[in-house]
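Reader: I am new to this structure and would like a close look at a single part of it, followed by an account of what surrounds that part. Please take it slowly.

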Amino acid sequence: MVTVVVLLDYSPAFDTVDHAIALGILEKRFGVSSSCLQWFRSYLSGRTFSVTSNCQSSDVIDLESSVPQGSTLGPLLYLTYASELHEVADRHVVAFHSFADDTQLSRLVRTEDVHAAKQTVTDCVLDIQRWSSSHRLKLKAAKSEVIWLGTRQQLAKLSQADLTMCIGGSVLQQSTVVRNLGVYIDDYLSMEANARQCAKTCFFHLRRIRQKTHSVYAHTCTDTVTSGLL
């Protein structure tokens, strides 16, 4: 058995949430009504933005889309907005995983059924792309990543043609390492790539601390390293 995983790439997803569509989903899909729906409407409506540089400001533009990403409510509104994506994936019998706007599709198959699985996942991505377009979300299929997970012996049975996927005219080459929610995952799930990245990050910060040793007390450096490791 091997598993194909597609990591979908959305252009700034929080910025493309349509306010009118979002309110309709809250009302029809989640049963939000009355004063509660009005509260959401007042929260989303009347937002504007402008750019200021060198004491000069641009014209003020009304925002008909986007939710505040740094807010407490923003991610929750996006989750309700994109909740139907799970049903789209279920129609194709493809596993769906998401954390805010980070979305992954996966399918576990036998090596002899790889081509059928690829077609199923491709159809699912195209269906998701159509749904996203109708909801003004910008799914970049060409920038999405594909990784095949399995043992070394099983993956060796697959040719380069088996590992390559085509979605909407864009060829997605197989990646041997992908970054998902800050974790580096390799095709054998050995976690070696993530360990190397962690070590690289640690050495980077240790070098920076060393550069400051001449200007701080020795115990300060020790306490900094110790607290960082803990």
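In which loop is leucine 189 found?

Author: The model is a predicted one, and what follows should be read with that in mind. Leucine 189 is found in the loop between strand E12, residues 183–186, and helix H8, residues 192–211. The backbone of leucine 189 deserves attention, since its phi is positive, at about 55°, although the residue is not a glycine. Most residues other than glycine have a negative phi. Methionine 191 lies in the loop between E12 and H8 as well, and its phi is also positive for a residue other than glycine, with a value near 65°. With a relative accessibility of 35%, methionine 191 counts as partly exposed, because partly exposed covers the range between 20% and 50%.

From this loop one can step to leucine 149, which touches Leu189 and also Ile185, Asp186 and Asp187. Leucine 149 itself lies in strand E8, residues 145–149, and it counts as buried because its relative accessibility is 14%, while the cut-off for buried is under 20%. Besides the residues already named, leucine 149 is in contact with Val2, Thr3, Val5 and Leu155, where residues up to four places away in sequence are not counted. Its C-alpha atom is separated by 15 Å from that of valine 183, a residue 34 places apart from it along the chain.

Two nonpolar cores help to place these contacts. The largest nonpolar core has 48 residues, and those with the most contacts inside it are Leu8, Tyr10, Leu77, Tyr78, Leu105, Ile128 and Trp148. Helix H5, which covers residues 114–134, gives the most to this core, with seven residues. A second core, separate from the largest one, has five residues, and Leu149 is among them, together with Leu7, Ile147 and Val178. As a general background, nonpolar side chains in soluble globular proteins tend to be buried together.

Leucine 77, one of the residues with the most contacts inside the largest core, touches Leu26, Phe40, Tyr43, Leu44 and Val67, again leaving out residues up to four places away in sequence. Serine 132 lies in helix H5, and at 0% relative accessibility it counts as buried. Leaving aside neighbours within four places in sequence, serine 132 is in contact with Tyr10, Leu85, Leu137 and Leu139. The C-alpha atoms of serine 132 and alanine 89 are separated by 13 Å, and these two residues are 43 residues apart along the chain.

The aromatic residues add a further layer to this picture, and a search of the whole structure finds three aromatic pairs. One of them is formed by phenylalanine 14 and tyrosine 78, which are stacked, with 5.1 Å from centre to centre and 20° between the planes. Phenylalanine 14 lies in the loop between E1 and helix H1, residues 19–28, whereas tyrosine 78 lies in helix H3, residues 73–81, so the pair ties together parts that are 64 residues apart in sequence. Both phenylalanine 14 and tyrosine 78 are buried. Tryptophan 39 and phenylalanine 40 form an edge-to-face pair, at 5.4 Å centre to centre and with 90° between the planes. In this pair tryptophan 39 is partly exposed, with a relative accessible area of 49%, while phenylalanine 40 is buried, with a relative accessible area of 12%. Trp39 and Phe40 form one aromatic cluster together with Tyr43.

The last feature to consider is the largest pocket, in which about 250 Å³ of space lies. Its lining has 15 residues, and the closest to its centre are Leu7, Leu8, Asp9, Asp102 and Arg179. Strand E1, residues 2–8, strand E7 and strand E11, residues 177–180, each supply at least two residues of this lining, and the largest share, three residues, comes from E7. By kind, the lining of this pocket divides into four nonpolar, five polar and six charged residues. Strand E7, which covers residues 102–109, also holds serine 106. Serine 106 counts as buried, at 14% relative accessibility, and it touches Thr3, Val4, Val5, Val94, Ala95 and His97, not counting residues up to four places away in sequence. Thr3 and Val5 thus link back to the start of this account, since they are also in contact with leucine 149, which in turn touches Leu189.

Notes. Residues numbered from 1 in each chain as written. Predicted model: local features only at pLDDT ≥ 70, side-chain atom pairs only at ≥ 80, totals over all residues. Heavy atoms only, no water. Core = buried A, V, L, I, M, F, W, Y, C linked by side-chain atoms within 4.5 Å. Buried < 20%, exposed > 50% of the residue type's maximum accessible area, 1.4 Å probe, protein only. Helix = DSSP H or I, 4+ residues; strand = E, 2+ residues; numbered from the N terminus. Contact = heavy atoms within 4.5 Å. 1 Å grid on protein atoms, 1.4 Å probe; cavity = no way out; pocket = protein on both sides within 12 Å on 5 of 7 lines; lining within 4 Å. Points joined across faces, edges and corners; volume = space filled by probe spheres on them. Nonpolar A, V, L, I, M, F, W, Y, C, P; charged D, E, K, R; others polar. Phe/Tyr/Trp six-rings, centres within 6.5 Å; stacked < 30°, edge-to-face > 60°.
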